[in-house]
Amino acid sequence: MKIATYNVNGIKARLPRLLEWLEETKPDVACLQELKSSDETFPEADIRAAGYGAIWHGQKGFNGVAILARGDDPIERLRGLPDDPDDTHSRYLEAEVDGVVIASIYLPNGNPQPGPKFDYKLKWFDRLMDRAALLLEEEKPTVLAGDYNVVPTDDDIWSPRGLQGDALVQPESRAAFRRFSAQGWTDALNARHPNEKLWTFWDYQMNAWPRDAGFRIDHLMLSAEAADRLGDAGVDRDYRGREKASDHAPTWITLRP
DNA sequence: ATGGCTAACGTTGTTAGA
């Protein structure tokens, strides 16, 4: 079972690239982020024509997450994180596909920091951990996949100083990510490629892609039951270099039966 | 000290991303 996460940066602008990627790499499950689409304008027909069932949690203009399943319909479990009725952002969607619990996550960016956006990021991470703790109690194979907007360590970026002052590398952001990992979540890319420089994002600016000035912020976090089944893991870098590319590359794992 | 892209919204600029 191949499970991927892809921050598409606008599903309408990215539709040709998304459909091409689905056709060429055939993930069984695809978690998408940054749809930048309302529920009504989600391109359901195109995705269904490509052979995927889908659920989505859209929002006009920005945010938005979806879960696609090849030849299957994801069974929705939860839409949005609990415990903050004032949170209007569409950043969390949870489903079950073929016995695996899967969430598509778009953690807040948090810039500029310090400030209210950074506070929101850290609070959102706390709420994610509350939900994640409940999921661990279920003892099912579970994959929390998405754009965490955290560069976990200095080994996960082309230059440790490359994002100095940015919310993605702040000690508080990294501490939250470590606490989350310590809850019992395995960072699949790091587990499979512990000594490799793997990036999932390259800025549109500053000639970042040609310079390979990227970093790793898209993560697939596995419960013990999923980690026991982890096969391969990788990044579909090639798609970052194509026409009209997202600034993120698709990132994936395989789970053994 | 920053944002030179990109996308969306909506109208010739603003917000947001990371």
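Helices and strands in this tour are DSSP runs, numbered from the N terminus. The model shown is predicted.

**Thr 200**

Select Thr 200 to begin. This residue occupies the loop that runs between helix 5 (188–192) and strand 10 (201–202). Is Thr 200 buried or exposed? Its relative accessible area is 0%, and buried means under 20%, so Thr 200 is buried. Next, display the side chain of Asp 218: the side chains of Thr 200 and Asp 218 make a polar contact at 2.7 Å. Beyond its neighbours within four places in sequence, Thr 200 is in contact with several further residues, among them Phe 215, Val 235, Asp 247 and Thr 251.

**The surface around DNA strand B**

Phe 215 leads to the next stop, since it also belongs to the residues closest to DNA strand B. Select DNA strand B and the residues around it. How many residues surround DNA strand B? There are 27, and the closest are Glu 34, Tyr 106, Asn 109, Met 206 and Phe 215. Of the atoms of DNA strand B that come within 4 Å of the protein, 77% belong to sugar and phosphate. Colouring the surrounding residues by class gives 9 nonpolar, 9 polar and 9 charged residues.

Three individual approaches to phosphate oxygens of DNA strand B may be inspected in turn:

- At Ala 13, a backbone N or O atom lies 3.4 Å from a phosphate oxygen of the strand.
- At Asn 149, a polar side-chain atom lies 3.2 Å from a phosphate oxygen of the strand.
- At Lys 244, a side-chain N or O atom is 3.2 Å from a phosphate oxygen of the strand.

**Helix 1 and Arg 17**

Now select helix 1 (residues 11–25), which provides the largest share of the surface near DNA strand B, with 3 residues. Within helix 1, pick out Arg 17. Arg 17 counts as buried, because its relative accessibility is 12%. The side chain of Arg 17 makes a polar contact of 2.8 Å with the side chain of Glu 20. Farther along the sequence, leaving aside neighbours within four places, Arg 17 is in contact with Tyr 6, Tyr 239, Arg 242, Glu 243 and Lys 244. Lys 244 is thus a residue to keep on display, as its side chain also has an N or O atom 3.2 Å from a phosphate oxygen of DNA strand B.

**Pro 250**

Two of the partners of Arg 17, Tyr 6 and Tyr 239, are also contacts of the next residue, Pro 250. Select Pro 250 in the loop between strand 13 (230–235) and strand 14 (251–255). With 0% relative accessibility, Pro 250 counts as buried. Its contacts outside the four nearest places in sequence also include Thr 5, Trp 21 and Asp 236. To draw a distance across the model, pair Pro 250 with Ser 38: these residues are 212 residues apart along the chain, and their C-alpha atoms are separated by 22 Å.

**Helix 4**

Move to helix 4 (residues 171–184) and place a distance between its end C-alpha atoms. Why does a span of 20 Å agree with its 14 residues? At 1.5 Å a residue the helix should span 20 Å, and its end C-alpha atoms are indeed 20 Å apart. Among its buried residues are Ser 173, Arg 174, Phe 177 and Phe 180. The buried residues of helix 4 pack against helix 3 (116–138), strand 8 (142–147), strand 9 (186–187) and strand 12 (218–222).

**Backbone features in the loops**

Follow the chain to the loop between strand 7 (100–106) and helix 3, where Pro 112 is found. The peptide bond from Asn 111 to Pro 112 is cis, with omega near -5°. Pro 114 is found in the loop between strand 7 and helix 3 as well, and a cis peptide bond with omega of about -5° joins Gln 113 to Pro 114.

Two non-glycine residues with positive phi complete this part. Asn 9, in the loop between strand 1 (2–7) and helix 1, has a phi of about 50°. Asp 98, in the loop between strand 6 (92–97) and strand 7, has a phi near 50°. Asn 9 counts as buried at 12% relative accessibility, whereas Asp 98 counts as exposed at 63%.

**The annotated domain**

Finally, select residues 4–248, which an unreviewed UniProt entry annotates as "domain: Endonuclease/exonuclease/phosphatase". Over this range the chain is 29% helix and 25% strand, and the end C-alpha atoms lie 12 Å apart.

Conventions. Residues are numbered from 1 along each chain as its sequence is written. Chains are lettered from A and ligands numbered from 1 in the order in which they are written. This is a predicted model: local features need pLDDT of at least 70, side-chain atom pairs count only at pLDDT 80 or more; totals for chains, interfaces and linings use all residues. Side-chain values use heavy atoms; hydrogens and water are left out. A residue is near a molecule or strand if one of its heavy atoms lies within 4 Å of it. A polar contact is a pair of N or O atoms within 3.5 Å; within protein, one must be able to donate a hydrogen and the other to accept it, and residues adjacent in sequence count only if both atoms are side-chain atoms. Helices (H or I, at least four residues) and strands (E, at least two) are DSSP runs, numbered from the N terminus. Ala, Val, Leu, Ile, Met, Phe, Trp, Tyr, Cys and Pro count as nonpolar, Asp, Glu, Lys and Arg as charged, and the others, Gly among them, as polar. UniProt positions are given in the numbering used here, feature names are shortened, and annotations may be inferred rather than shown by experiment. The expected span of a helix is 1.5 Å times one less than its number of residues. Buried means under 20% relative accessible area, exposed over 50%, partly exposed in between (1.4 Å probe, protein chains only). Contact means heavy atoms within 4.5 Å.
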